[in-house]
Amino acid sequence: MRTLPADLADAVARQIVAASLTEDPDRAYQHALAARRLAARVGVVRETCGIAAYRAGNWADALAELRAARRLTGRNSYLPLMADCERALGRLDRALALVSGPESRGLDRATEIELRIVESGIRRDQGLPEAAVVALQLPEIGAGRPYAGSARLFYAYADALLDAGREKEARDWFGRAAAADTRDETDAIERFEELDEIEFADLDDPADLDDPADLDDLP
């Protein structure tokens with residue numbers, strides 16, 4: 001925001017900070033829009049507006065703002081959010097084009113992983129649950145150890161496994177996501193406990209117990 005006069009830069013910065021700190025997504029988006037009205041040609045402003053719109057579920061607005069931010073900044077780190085917006089709008093072919101197109105090459109590893117998470121969601125929307133699992137079988141999954149930002153990847157992998165009908169594996173990975181989620185980014189612990197209860201319920205199912213009549217046949 002160095003291009004802005006000092007007083008204007010200060011006003012814009014206050015709105016950006018408010019958008020970042022406000023917990024209510026709709027109110028946060030209003031703060032971002034206020035910053036946009038003051039400085040629509042500043043990349044960080046359009047980025048903030050795009051992210052706020054995304055969190056508020058305004059997919060079309062988020063996509064437009066993130067495209068503008070990308071033009072202004074030249075960054076491709078917005079691609080996962082842009083692809084997820086296309087997915088939310090039901091435009092799966094466009095979403096996949098962003099995930100696998102030429103823009104997706106040469107990204108930092110964190111952005112690559114986010115793209116794979118979005119791709120997994122797209123495959124699930126296409127009715128391809130096993131392909132959704134494969135999309136997330138990355139080296140970070142193979143290592144199985146938490147790293148910075150691993151909670152989202154582990155959670156997405158668990159969700160994909162569950163959608164593919166692999167409940168026991170899903171339970172394990174929700175547990176790993178919960179252990180890695182030190183900032184409460186996900187509801188992994190709740191999902192783990194739900195599957196834990198289902199597993200115990202299955203163990204308690206009378207159908208799993210020996211038929212008393214069978215016991216009469218024992219020597």
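These are legends for a few views of a predicted model, starting with the whole chain and then moving in closer.

**View 1. The whole protein is built from helices, with 13 of them and 0 strands.** Follow the sequence from start to end and the pattern reads α-α-α-α-α-α-α-α-α-α-α-α-α. The protein has 219 residues, and 38% of them count as buried. Now take the contacts between residues with a separation of 6 or more: 48% of these join residues 24 or more positions apart.

**View 2. Here helix α3 packs with helix α4.** Helix α3 covers residues 43–55, and helix α4 covers residues 59–73. Their axes are 8 Å apart and make an angle of about 155°. Angles over 145 degrees count as roughly antiparallel, so that is how α3 sits relative to α4. The crossing of the two helices is left-handed.

**View 3. A closer look at the same pair shows which residues of α3 and α4 meet.** On the α3 side you'll find G43, R46, E47, C49, G50, I51, A53 and Y54. Across from them, α4 brings in W59, D61, A62, E65, L66, A68, A69, L72 and T73. Sorted by class, this contact has 10 nonpolar, 3 polar and 4 charged residues.

**View 4. This one zooms in on T111, a residue of helix α7.** That helix runs over residues 109–125. Is T111 buried or exposed? T111 counts as buried because its relative accessibility is 7%, and the cut-off for buried is under 20%. Its side chain makes a polar contact of 2.9 Å with the side chain of D108. Set aside the neighbours within four places in sequence, and T111 is in contact with N76, S77 and P80.

**View 5. The last stop is Y155, which sits in helix α10.** Helix α10 spans residues 150–163. With a relative accessibility of 16%, Y155 counts as buried. Which residues does Y155 touch, leaving aside its neighbours within four places in sequence? They are F174, A177, T186, D187, A188 and R191. You can also look for D181 in this view: D181 and Y155 are 26 residues apart along the chain, and their C-alpha atoms are separated by 9.3 Å.

Conventions: Residues are numbered from 1 along each chain as its sequence is written. This is a predicted model: local features need pLDDT of at least 70, side-chain atom pairs count only at pLDDT 80 or more; totals for chains, interfaces and linings use all residues. Side-chain values use heavy atoms; hydrogens and water are left out. Helices (H or I, at least four residues) and strands (E, at least two) are DSSP runs, numbered from the N terminus. Buried means under 20% relative accessible area, exposed over 50%, partly exposed in between (1.4 Å probe, protein chains only). A polar contact is a pair of N or O atoms within 3.5 Å; within protein, one must be able to donate a hydrogen and the other to accept it, and residues adjacent in sequence count only if both atoms are side-chain atoms. Contact means heavy atoms within 4.5 Å. Axes are lines fitted to C-alpha atoms, for helices over the stretch in contact, and angles run from 0 to 180 degrees between N-to-C directions. Angles under 35 degrees count as roughly parallel, over 145 as roughly antiparallel, 65 to 115 as roughly perpendicular and the rest as oblique. A crossing is left-handed if the near helix is turned anticlockwise from the far one by less than a right angle, and right-handed if clockwise. Ala, Val, Leu, Ile, Met, Phe, Trp, Tyr, Cys and Pro count as nonpolar, Asp, Glu, Lys and Arg as charged, and the others, Gly among them, as polar.
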